[in-house]
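Please read this report alongside the sequence and the coordinates. The concern here is how the secondary-structure elements are arranged and which residues lie between them.

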Amino acid sequence: MMRERSGAPSLPGPRPTPILGWHGPLRAFARDPLLYTQQLWKTYGPLAAIRQDTTPIVCVFDHELTRYVFEDPAFVAPSDLPSSPAIW
């Protein structure tokens, strides 16, 4: 697994495009979210991230991982970030 500069493991996912940067993968996601997430799952497996500067969009495709994510409040809504109504 790759590591980011902070030493924390980075999530697998598409890299920025040469000209559009992170806007390339985000545009593809916006164009057809279902098809794009299916491609993410086939390419990267049960956990993938679409990075957007410092805030990733994390896609979880495994029911056990999904349960883990939503059962751990620290994972869903870290205390240093404002809570998001979209998560709850």
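The sections below go from the overall layout to a helix pair and then to single residues.

## Overall layout

The model discussed here is predicted. The protein contains four helices and two strands, and, read from the N terminus, its elements follow the order α-α-β-β-α-α. Of the 88 residues in the protein, 22% are buried. Among contacts with a sequence separation of 6 or more, 32% join residues that are 24 or more positions apart.

## The pairing of α1 and α2

Two packed helices are described by the angle between their axes and the distance between the axes. For helix α1, covering residues 23-31, and helix α2, covering residues 33-44, the angle is about 125° and the axes are 5 Å apart. An angle of that size falls outside the range of 65 to 115 degrees counted as roughly perpendicular and is not over 145, the limit for roughly antiparallel, and α1 and α2 are therefore oblique to each other.

On the α1 side, the contact is formed by Pro25, Ala28, Phe29, Ala30 and Arg31, while α2 contributes Pro33, Tyr36 and Thr37. By residue class, this contact of α1 with α2 comprises six nonpolar residues, one polar and one charged.

## Helix α2 and its two sides

The length of α2 can be checked against expectation: with 1.5 Å a residue, its 12 residues should span 16 Å, and the C-alpha atoms at its ends are indeed 16 Å apart, which agrees. The buried residues in α2 are Tyr36, Thr37 and Leu40. Viewed down the axis of α2, these buried residues lie within an arc of 95°, so they line one face of the helix.

The face of α2 that is turned away from this buried side carries Leu34 and Lys42, which are exposed. The cover over the buried residues of α2 includes α1, together with β1 (47-50) and β2 (57-60). After α2 comes Gly45, which has a positive phi, near 95°.

## Helix α1 and its surroundings

In α1, the residues Gly24, Pro25, Leu26 and Ala28 are buried, and the buried residues of this helix pack against α2, β1 and β2. Two of these buried residues, Pro25 and Ala28, also take part in the contact of α1 with α2.

His23 belongs to helix α1 as well. With a relative accessible area of 55%, which is over the 50% cut-off, His23 counts as exposed.

## The loop between β1 and β2

Arg51 is located in the loop between β1 and β2, and because its relative accessibility is 11%, under the limit of 20%, Arg51 counts as buried. Although Arg51 and His23 are 28 residues apart along the chain, their C-alpha atoms are separated by 9.3 Å.

Pro56 also has its place in the loop between β1 and β2. The relative accessibility of Pro56 is 39%, a value between the two cut-offs, so this proline counts as partly exposed. Leaving aside residues up to four places away in sequence, Pro56 touches Ala49, Ile50 and Arg51. Pro56 and Leu11 are 45 residues apart along the chain, and the distance between their C-alpha atoms is 9.1 Å.

Note on methods
Residues numbered from 1 in each chain as written. Predicted model: local features only at pLDDT ≥ 70, side-chain atom pairs only at ≥ 80, totals over all residues. Heavy atoms only, no water. Axes fitted to C-alpha atoms, helices over the stretch in contact; angles between N-to-C directions. Parallel < 35°, antiparallel > 145°, perpendicular 65-115°, else oblique. Contact = heavy atoms within 4.5 Å. Nonpolar A, V, L, I, M, F, W, Y, C, P; charged D, E, K, R; others polar. Expected span 1.5 Å × (residues − 1). Buried < 20%, exposed > 50% of the residue type's maximum accessible area, 1.4 Å probe, protein only. Arc of directions from axis to C-beta.
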